[in-house]
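Student: I'd like to go through this one with you. Can you put it up?

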Amino acid sequence: MIRMRVDSIQLDPRSLQPIMVLCDDAKMRALPIWIGSAEANAIARILMSVESPRPKTHQLMMTMVSKLGATIKQIEINELEDDTFFATIQLERTGANGEKETLSLDARPSDAVALALIADVAIYVAPAVVMESTYPVDSERDEAEAEEFKKFLNNITATDFTKHAALPAEEKTQEDGSIAREDRKSDAA
């Protein structure tokens, strides 16, 4: 399982549906999960530490878990089927014989993540889900490339364009800026 964290709650500009974005610890992969408005609001409130005068649904669930003598150990987003993500909440409690027992509850990822945030426990995603549904994110590299491109644009002149445009068809500019000629053999034999 791959540990991930809630990066943000965003809004899909086309459908106006909320998206919960999870990222791995290295911020190399992002997992977008479309969720309901109520769940997005709950997660955003938890992330921003906004207190409510009365318990919201996820706080009520957390209180119930605690009053029943259990703790949330972690949550897992473990399956993707027909564009639907599936999650489990891993609970631990002490059984009648005094031994620890683990309970696994099926849940929607948004509800499981909200509980994980309240309980301050790990969010894990199955490797198959990560491989199938994440996209690469490397903000440092993207920023470096953007900065390099800005420098390039600031230093380019009109003569740079005419210099390259005037090259004969068989000449090419190499990466170091030098010109290489391609030898063309005559077909006449």
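**Salt bridges, sheet and core**

Tutor: Let's start with a single residue: R93 has a relative accessible area of 33% and is partly exposed. Keep in mind that this is a predicted model.

Student: What does R93 form a salt bridge with?

Tutor: Its partner is E101, and the closest N and O atoms are 2.5 Å apart. E101 is partly exposed as well, at 29% relative accessibility.

Student: How many salt bridges are there in total?

Tutor: The count is six. One of them joins the side chains of K27 and D7, at 2.7 Å from N to O. That pair links distant parts of the chain, 20 residues apart: D7 lies in strand 1, and K27 in the loop between strand 2 (18–24) and strand 3 (29–34).

Student: Are K27 and D7 buried or exposed?

Tutor: Neither. K27 counts as partly exposed at 43% relative accessibility, and D7 counts as partly exposed at 34%.

Student: Which residues are linked in a network of salt bridges?

Tutor: E39, R108 and D111. Within that network, the side chains of E39 and R108 meet at 2.7 Å, N to O. The two are 69 residues apart, with E39 in helix 1 and R108 in the loop between strand 6 and helix 3 (109–119).

Student: And how covered is E39?

Tutor: E39 counts as buried, because its relative accessibility is 12% and the cut-off for buried is under 20%. R108, on the other hand, is partly exposed at 46%.

Student: What about helix 3, how many of its residues are buried?

Tutor: Eight of the eleven, so the helix is mostly covered. The buried residues are P109, S110, D111, A112, V113, A114, L115 and A116. D111 therefore appears both in this buried set and in the salt-bridge network with E39 and R108.

Student: Anything odd just after helix 3?

Tutor: D120 takes a positive phi there, of about 55 degrees.

Student: Switching to the sheet. What order do the strands come in?

Tutor: The order is 6-5-4-7-1-2-3-8, eight strands in an open sheet with mixed pairing. Strand 6 (100–107) and strand 8 (135–136) stand at the edges. Each has a single partner strand, so one side of each is left without a neighbour in the sheet.

Student: The chain has how many strands and helices overall?

Tutor: Ten strands and six helices.

Student: Back to strand 1. How does it run against strand 7?

Tutor: Antiparallel, with three bridges joining residues 2–11 of strand 1 to residues 122–125 of strand 7. In that pairing R3 stands opposite Y124, and M4 stands opposite I123.

Student: And how many bridges does strand 1 have with strand 2?

Tutor: Seven, again in the antiparallel sense. V6 in strand 1 is opposite L22 in strand 2. The two strands form a hairpin with six residues between them, and L16 in the turn has a positive phi of about 60 degrees.

Student: Does L22 turn up elsewhere, say, which residues have the most contacts in the largest nonpolar core?

Tutor: L22 is one of them, along with I72, I75 and I77. That core has 33 residues. As background, nonpolar side chains in soluble globular proteins tend to be buried together.

Student: Which residues is I77 in contact with?

Tutor: Setting aside neighbours within four places in sequence, the list is L22, I33, F85, F86, A87, P109, V113, Y124, V125, A126 and V129. Two of those names came up with helix 3, where P109 and V113 are among the buried residues. Y124 also came up, as the residue in strand 7 opposite R3.

Student: Any nonpolar residues at the surface?

Tutor: L47, M48 and V50 make a nonpolar surface patch of about 280 Å². V50 is in the loop between helix 1 (37–47) and helix 2 (57–67), and is partly exposed, with a relative accessible area of 37%.

Student: Last one, some totals. How much of the chain is buried, and how much area does it expose?

Tutor: Buried residues make up 30% of the 189. The chain exposes about 13200 Å², and carbon and sulfur atoms supply 52% of that. As for contacts between residues at least 6 apart in sequence, 46% join residues at least 24 apart.

Key:
Residues are numbered from 1 along each chain as its sequence is written. This is a predicted model: local features need pLDDT of at least 70, side-chain atom pairs count only at pLDDT 80 or more; totals for chains, interfaces and linings use all residues. Side-chain values use heavy atoms; hydrogens and water are left out. A nonpolar core is a set of buried Ala, Val, Leu, Ile, Met, Phe, Trp, Tyr and Cys residues joined through side-chain atoms within 4.5 Å. Buried means under 20% relative accessible area, exposed over 50%, partly exposed in between (1.4 Å probe, protein chains only). Contact means heavy atoms within 4.5 Å. Patches are made of residues with over 30% relative accessible area and no salt bridge: like charges are joined within 9 Å, nonpolar side chains (Val, Leu, Ile, Met, Phe, Trp, Tyr) within 5 Å. Accessible areas come from the Shrake-Rupley method with a 1.4 Å probe; for residues, only the protein chains shown count as cover. A salt bridge is a side-chain nitrogen of Lys or Arg within 4 Å of a carboxyl oxygen of Asp or Glu. Helices (H or I, at least four residues) and strands (E, at least two) are DSSP runs, numbered from the N terminus. Two strands pair if DSSP finds at least two bridges between them.
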